[in-house]
Amino acid sequence: MVNTFTLSRNFWEFSFSNPEKVKPIHGSLYHFIIHVNNQKGWVEKFRLPTENCMDAIGVKNYKTYINALLDLAKWDFIEMVQRSKNQYTANIIALVKNTKAQTKALTKALSNQLPTQVESIDSNYINLKTSKLINLETEVSFESLCENFFLEKKVIVTPLVRTALNAIKPKISFKLGSSDEQRLFDHFKTMYLNLASDSWWKSKRKNIPYLNSTFEEAYEVGFNVTSSTDTTEEEYCSIPRKKSKNV
């Protein structure tokens, strides 16, 4: 069985170590590839439809898409088994499960920011640095915060929705210039709630894959009024809103 957490972790480790190489499209595309392979039952080799991929990650330019796909192959996240002849046919690829691109740079960076003191309980020493790091990895994540939020809003969280959230995450991170999970969620939540004031987006925003594919437009509308991530949900009612689009 493929460990999706390990695949995702390896990618973000690589991204952290190579900020000059990795762009938001790489994270969106890689996590969509994981989703496609999951739907196919984790087969060793599988077809990756170009048009479906481009729609899912919100990319309209084929050259941009194929360059990102080839980057993932060059970095050993995927294997190009058979390249498509043109943009209208599917590439055949394989996930590289034990990627050579893995690095511990992110783990080390997080560790260096945490306390180094040691406590003694019943003569057993507990390294607070280690326990804190575990808490960071298991208690707070953009995905879990989003899922809890959508459950409250009675939005069904399907595997496709999770894939879309994985694709939206690096886009939000790029806009904020931050990888802090709580900040990313707060920023996304602000955008999502602000979209409720627009007659076109009020219902469309609940379609998370669609929200991902039209992210730039949604972001522009969502933050037309305010760029603050600290506004409470109750305060949205009193904020003057942008006029609705003519459909």
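Author: Helices (H or I, at least four residues) and strands (E, at least two) are DSSP runs, numbered from the N terminus. The model discussed here is predicted.

Reader: Where does D76 lie in relation to α4 and β2?

Author: D76 is in the loop between α4 (62-74) and β2 (78-82). Its phi is positive, about 70°, although D76 is not a glycine.

Reader: What makes D76 count as partly exposed?

Author: The relative accessible area of D76 is 29%. Buried requires under 20% and exposed over 50%; the value for D76 falls in between, and therefore D76 is partly exposed.

Reader: Why is W42 called buried?

Author: The relative accessibility of W42 is 17%. The cut-off for buried is under 20%, so W42 meets it. This residue is found in the loop between α2 and β1 (46-48), and its phi is near 60°, a positive value in a residue other than glycine. A positive phi, of about 80°, is also taken by G41, just after α2.

Reader: How do you know that the length of helix α2 agrees with its number of residues?

Author: Helix α2 covers residues 24-39, which is 16 residues. The expected span is 1.5 Å times one less than the number of residues, and for α2 that gives 22 Å. The end C-alpha atoms of α2 are 23 Å apart, which agrees.

Reader: Why is α2 described as largely enclosed by the rest of the structure?

Author: Of the 16 residues of α2, 13 are buried, so the description applies.

Reader: What does α2 give to the largest nonpolar core?

Author: This core has 30 residues, and those touching the most other members are L29, Y30, I33, L48, Y65 and L72. At least two residues each come from α1 (4-17), α2, β1, α3 (50-57), α4 and β3 (91-95). Helix α2 gives the most, with seven residues. Leaving aside residues up to four places away in sequence, I33 touches F46, L48, L69, L72, I78, I93 and L95. There is also a second, separate core of 27 residues, with F142, A164, A218 and V221 among them.

Reader: What makes C53 and C146 count as buried or exposed?

Author: C53 has 0% relative accessibility, and C146 has a relative accessible area of 0%. Buried means under 20%, so both residues are buried.

Reader: How many disulfides does the structure hold?

Author: The structure holds zero disulfides. To be called a disulfide, a pair of cysteine sulfur atoms must be within 2.5 Å.

Notes
Residues numbered from 1 in each chain as written. Predicted model: local features only at pLDDT ≥ 70, side-chain atom pairs only at ≥ 80, totals over all residues. Heavy atoms only, no water. Buried < 20%, exposed > 50% of the residue type's maximum accessible area, 1.4 Å probe, protein only. Core = buried A, V, L, I, M, F, W, Y, C linked by side-chain atoms within 4.5 Å. Contact = heavy atoms within 4.5 Å.
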